[in-house]
Amino acid sequence: MLSQELTQALEAQIGHEFSAHNHYLAIAVYFESRSLDGWAAFFFAQAEEERAHAMKIVRFLLDNDVAPRIPEARAAAPDFESALEAVRSALEAERSVTAQFERMMEIALKAQDFRAVPLIEWFLNEQIEEESSMQKLVDLVESGLNLFQAQSFLPARGGEEAGA
Ligand SMILES: [Fe+2]
Ligand SMILES: [Fe+2]
């Protein structure tokens, strides 16, 4: 049985993942409303991935006899000052999610919730990828390349490479 502390942290994470979904949707909307459809497609796909993350945790809790409560997700608006601000906000958000999973690993080990370790490890690996691709986007925008031309240099997405 999972400890109460880890169960609560995982439930809270469901909300964080749905908030990330909303945040990425807002970024996609920001780009598509400027006809930057390649950038938008990247972030629409990223939003779907965040939803899948939330569902992965819901599934894990159900499989462990927990009927999780689904927290409220943060609203998001496409009112970024610039493309740079949008992609920087994505990088910052990914870094805080990484910190959340690092904290969960700490809780899992302390509470001897060993069955949760592979799940949290999966997310930590995923975070390495996500931070790296958001960093690439920040670098791409900072290169000063025209954003329409820059669309041919968008990083490949992990899920696509894996055929997922
Ligand atoms: Fe995520
Ligand atoms: Fe993410």
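Begin by selecting Ile 107, which in this predicted model sits in helix H3, the run of residues 83-110. With a relative accessible area of 7%, Ile 107 is buried, because that value is under 20%. If you set aside the neighbours within four places in sequence and display what remains around Ile 107, you will find it in contact with Glu 5, Leu 6 and Ala 9. Add Ser 3 to the selection as well: Ser 3 and Ile 107 are 104 residues apart in sequence, yet their C-alpha atoms are 9.0 Å apart in space.

Stay in helix H3 and select Glu 106 together with Arg 103, two residues of that helix that are three residues apart, about one turn of the helix. Their side chains meet in a salt bridge, with an N to O distance of 3.1 Å. Glu 106 is exposed, at a relative accessible area of 51%, while Arg 103 is partly exposed, at 41%. Now bring Glu 5 into view, since salt bridges that share partners join Glu 5, Arg 103 and Glu 106 into one network.

Further along helix H3, select Glu 92 and Arg 95, which are likewise three residues apart, about one turn of the helix. The closest N and O atoms of this salt bridge are 3.2 Å apart, and the two partners are partly exposed, Glu 92 with a relative accessible area of 47% and Arg 95 at 39%.

Move next to helix H2 and select Asp 63 and Arg 59, whose side chains form a salt bridge at 3.4 Å, N to O. Because they are four residues apart in helix H2, about one helical turn separates them. Asp 63 is exposed, with a relative accessible area of 55%, whereas Arg 59 is partly exposed at 48%. Over the whole structure, a search finds five salt bridges.

Phe 44, also placed in helix H2, is the next selection, and at 32% relative accessibility it counts as partly exposed. Show Leu 25 and Val 29 with Phe 44, and you have a nonpolar surface patch of about 210 Å².

Finish at the metal site by selecting the iron ion (ligand 1), which is coordinated at 2.1 Å by Glu 17 (OE), Glu 50 (OE) and His 53 (ND1). Along the chain, these donors follow the spacing E-x32-E-x2-H. Glu 50 and His 53 are three residues apart in helix H2 (residues 37-63), so about one helical turn lies between them, and both residues are buried. Then add the iron ion (ligand 2), which is 3.4 Å from the iron ion (ligand 1), with Glu 50 coordinating both.

Methods. Residues numbered from 1 in each chain as written. Chains lettered and ligands numbered in written order. Predicted model: local features only at pLDDT ≥ 70, side-chain atom pairs only at ≥ 80, totals over all residues. Heavy atoms only, no water. Donors = N, O, S within 2.8 Å, 3.2 Å for Na, K, Ca; no water. Buried < 20%, exposed > 50% of the residue type's maximum accessible area, 1.4 Å probe, protein only. Patch = residues over 30% accessible without salt bridge, like charges linked within 9 Å, V, L, I, M, F, W, Y side chains within 5 Å. Areas by Shrake-Rupley, 256 points an atom, 1.4 Å probe, with all protein chains shown as cover. Salt bridge = Lys/Arg side-chain N within 4 Å of Asp/Glu carboxyl O. Contact = heavy atoms within 4.5 Å.
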